[in-house]
Amino acid sequence: MINAPKGTKDLLPIDSYKWQYVEKTARETAKAFGISEIRTPTFEHTEVFLRGVGEGTDIVNKEMYTFNDKGGRSITLKPEGTAGVARAFIENGMANTALPAKLFYITQCFRYERPQAGRLREFHQFGIEFLGSKEADIDAEAILFAKTFFDKLGVKGLTLYINSIGCKNCRGKYEEALKDYLKSQYDNLCPLCRERFEKNPLRILDCKNEDCKIITANAPRILDYLCDECQTHFDKVQTYLNLSGVEFKINANIVRGLDYYTKTVFEFVSENIGAQGTVCGGGRYDGLIKELGGADEKGVGFAMGIERLLLVLEASGVEIPNENKISLYFAPMGEKEKEKAFSLAYELRLKGIACELDHMSRGIKAQFKYADKLGVKYVAVIGSTELEKGVVKLKNMQNGNEEEVAYANLYQAVKD
Ligand code: HAM
């Protein structure tokens, strides 16, 4: 037997209706916020992520699925959605259309990580990107959108953390102060954080290692180093969040794992799904489009892992409705009756009724058992008497009522 590769999962019908429901709700919420769908390729030139996500990040250093194609080009399966969307924004001249461009995507992503609950090598993101505005209200709108979506689904127990990591003007000063503070403790940092010390000192702040946590507990806070512009921006984000009643906590240790962020960063975190509790993460990335060769356009967005979202839905006790259920099952009792069932099912399917009929030559008792498994609302029995009279014996499986219904009236009888 050949198994699926480690860190990947098959999505089977017993679960696929949950994904469809989440995706449908995502699309509906996006529509209400004026956000349109974008689909970018599954793979990009590796450079998009080297320049976009950044060479100092775990994603680029350790986790990318990178290979040379037959033409000798370095190709990478997308580890996240933002860099590809920014590339598409530039390539398709979207800066010349009405801005901001408000885009969403539902896409698979690939990261070579150690699989565990909520962490896969192929996973799926629902994300949005708002491109072309530097205003703080659009950061708040991105956050409000995520909150609205979670509320619509009935997700409970998420905490929203926000922070500002400043811009290239103020972050440099902060990094110096942080390194000054950490210098004397350098030898006590974990090996990864010792690597981060020069390349990406901010990441030391969200290290999960207990020793590193103790060392950084009293470290200087980025929020005390923001320049006036970044401070005003961060204040405004909070004003807009307060306006719409979004509860949040300021957490100066939220720094995110990708290099492109500037100013606002945020995460929605659950305590109920184990170690991989960050369901949604995002922020502003004012340098990304320029970094990828575009104009000086700003952006903000987020992505949430759909697998993690489903874990949180389960932990919240949400019963996801199965909208794929068959409503009518035909139970023919012989070959001629089956021919009739076959034609009737087709007629009703054309009118939008989800029907099924026997394809296994089961006896009538087994057919009822099967119909029960399908969870149908009605069973239409066709025996020789019914065939002669041009009717079906229609059983309502919810209340047990039975009635004879002429073929011509069947649609009316089952349509809701
Ligand atoms: P990220 O924090 O790397 O951000 O990923 C976003 C979300 O994807 C995470 O919060 C998590 O739910 C999910 N995720 C990440 N890695 C895995 C994995 N290995 N298995 C399962 N789920 C995972 C980004 O990707 C940014 N592009 C978000 C963004 C959009 N920022 C601005 N715009």
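This report covers a five-stranded sheet, the helices across it, a helix pair and some backbone exceptions in a predicted model.

## The sheet

The sheet is open and has five strands. Their order is β13-β12-β14-β15-β16, and the pairing is mixed. At the edges lie β13 (355-357) and β16 (402-406), each paired on one side only. On average, neighbouring strands are turned by 25 degrees against each other, direction ignored.

Strands β14 and β15 give a local view of the pairing. β14 spans residues 378-382 and β15 spans residues 391-396. They run antiparallel and are joined over four bridges. One residue pair can be located by name: A380 has L394 of β15 as its bridge partner. In general, strands of a sheet pair through backbone hydrogen bonds, in either a parallel or an antiparallel sense.

## Helices across the sheet

Helix α12 covers residues 335-350. This helix lies across β12 (328-332), β13, β14 and β15. Its direction is at about 165 degrees to β13.

Helix α13 covers residues 364-374. β12, β13, β14 and β15 are the strands that α13 lies across. The angle of α13 to β12 is about 170 degrees.

## The α5–α9 pair

Helix α5 (residues 136-153) packs against helix α9 (residues 228-243). Their axes are 8 Å apart and meet at an angle of about 45 degrees. The two helices are therefore oblique to each other. The crossing is right-handed.

From α5, the contact draws on A136, D137, D139, A140 and I143. From α9, it draws on H233, K236, V237, Y240 and L241. By type, the contact residues are six nonpolar, three charged and one polar.

## Backbone exceptions

Most peptide bonds are trans, and most residues other than glycine have a negative phi. The bond from L99 to P100 is cis, with omega near 5 degrees. P100 sits in the loop between α4 (82-91) and β5 (101-110).

R256 is not a glycine, yet its phi is positive, near 70 degrees. R256 belongs to the loop between β8 (249-250) and β9 (262-270). Its relative accessible area is 11%, so R256 counts as buried, the cut-off being under 20%.

K263 also has a positive phi, of about 55 degrees, without being a glycine. This residue lies within strand β9. K263 is buried because its relative accessible area is 6%.

Terms used:
Residues are numbered from 1 along each chain as its sequence is written. This is a predicted model: local features need pLDDT of at least 70, side-chain atom pairs count only at pLDDT 80 or more; totals for chains, interfaces and linings use all residues. Side-chain values use heavy atoms; hydrogens and water are left out. Two strands pair if DSSP finds at least two bridges between them. Axes are lines fitted to C-alpha atoms, for helices over the stretch in contact, and angles run from 0 to 180 degrees between N-to-C directions. Contact means heavy atoms within 4.5 Å. Angles under 35 degrees count as roughly parallel, over 145 as roughly antiparallel, 65 to 115 as roughly perpendicular and the rest as oblique. A crossing is left-handed if the near helix is turned anticlockwise from the far one by less than a right angle, and right-handed if clockwise. Ala, Val, Leu, Ile, Met, Phe, Trp, Tyr, Cys and Pro count as nonpolar, Asp, Glu, Lys and Arg as charged, and the others, Gly among them, as polar. Buried means under 20% relative accessible area, exposed over 50%, partly exposed in between (1.4 Å probe, protein chains only).
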